[in-house]
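Biologist: I should like to learn how the features of a model such as this one are read. Please take them in turn, with the general idea before the particular case.

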Amino acid sequence: MRSLEFQDVFKFSKMLDDMQIKLDLNELMDNIKEIMELKDDKSEKSKQTQAKLTEQIGADFALTLVKNLHKAENSAYKFIAGIAEEKVEKVKRYKIKELVGFFKSLFEDPELQDFFGLAEVQKSQE
């Protein structure tokens, strides 16, 4: 799986639009801000809380995506294939475990976390 690139933003946006998903960006950014604040605290409890929050955000979003995926079948295949560096035909044959692994890796990608961290900094400056 390659790192996220700017071109992926457009593919992801198209997929969300096809799915008619409306994200509560304020809630998402609040959760990400909490995770970013916990990164400075090196205690075991903080690490566990950070992991739990990250997992919950990923699980909630993944569930929303799965529930609406039928609305964006073609754009979802293209989005996943592009990042996974696979052919669309192979992505169409992914086992559920492979798909879950893809999304888990996606949400753990430092580029994605950096993007939301930067967005949070910009939001707090407004």
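Modeller: Let us begin with helices, which are DSSP runs of H or I with at least four residues, numbered from the N terminus. The model is a predicted one. Its protein chain has seven helices and zero strands, in the order α-α-α-α-α-α-α along the sequence.

Biologist: How does the helix assignment help in reading the pair Glu89 and Lys92?

Modeller: Because Glu89 and Lys92 are three residues apart in helix H5, about one helical turn separates them. The two form a salt bridge, with their closest N and O atoms 3.4 Å apart. Glu89 is partly exposed, its relative accessible area being 48%, and Lys92 is also partly exposed, at 39%. Elsewhere, salt bridges with shared partners link Arg2, Glu5 and Asp8 into one network.

Biologist: How many salt bridges are there in total, and are Asp8 and Arg2 buried or exposed?

Modeller: The count comes to five salt bridges. The bridge between Asp8 and Arg2 has its closest N and O atoms 2.7 Å apart, and both residues are buried. Here the cut-off matters: buried means under 20% relative accessible area, and exposed means over 50%. Of the 126 residues in the protein chain, 33% count as buried.

Biologist: What separates Asp18 and Lys14 along helix H1?

Modeller: They are four residues apart in helix H1, so about one helical turn lies between them. Asp18 forms a salt bridge with Lys14, where the closest N and O atoms are 2.9 Å apart. Asp18 is partly exposed, with a relative accessible area of 24%; Lys14 is partly exposed as well, at 47%.

Biologist: Which side chain makes a polar contact of 2.8 Å with the side chain of Asp18?

Modeller: The partner is Ser75, a residue of helix H4, which spans residues 73-84. Ser75 counts as buried because its relative accessible area is 12%. Setting aside neighbours within four places in sequence, Ser75 is in contact with Lys14, Met15 and Asp18.

Biologist: Which residues have the most contacts inside the largest nonpolar core?

Modeller: A core is read as a set of buried nonpolar residues joined through their side-chain atoms. The largest one here has 22 residues, and those with the most contacts inside it are Met15, Leu65, Ile80, Phe102 and Phe103. Two or more residues come from each of H1, helix H3 (44-68), H4 and helix H6 (96-108). H4 gives the most, with seven residues. A second, separate core of six residues includes Leu28, Ile32, Leu53 and Ile57. As for Phe102, not counting residues up to four places away in sequence, it touches Met1, Ile80, Ile83 and Ala84.

Biologist: Which residues make the nonpolar surface patch of about 360 Å²?

Modeller: That patch is made by Phe6, Val9 and Phe10. Phe10 lies in helix H1 (residues 6-19) and counts as exposed because its relative accessibility is 52%. For the protein chain as a whole, about 8900 Å² is exposed, with carbon and sulfur atoms supplying 54% of it.

Biologist: What is to be noted about the phi of Glu85?

Modeller: The general idea is that most residues other than glycine have a negative phi. In Glu85, phi is near 55°, a positive value in a residue other than glycine. Glu85 sits in the loop between H4 and helix H5 (88-92), and at 56% relative accessibility it counts as exposed.

Key:
Residues numbered from 1 in each chain as written. Predicted model: local features only at pLDDT ≥ 70, side-chain atom pairs only at ≥ 80, totals over all residues. Heavy atoms only, no water. Buried < 20%, exposed > 50% of the residue type's maximum accessible area, 1.4 Å probe, protein only. Polar contact = N/O pair within 3.5 Å; in protein donor to acceptor, adjacent residues only side chain to side chain. Contact = heavy atoms within 4.5 Å. Patch = residues over 30% accessible without salt bridge, like charges linked within 9 Å, V, L, I, M, F, W, Y side chains within 5 Å. Areas by Shrake-Rupley, 256 points an atom, 1.4 Å probe, with all protein chains shown as cover. Salt bridge = Lys/Arg side-chain N within 4 Å of Asp/Glu carboxyl O. Core = buried A, V, L, I, M, F, W, Y, C linked by side-chain atoms within 4.5 Å.
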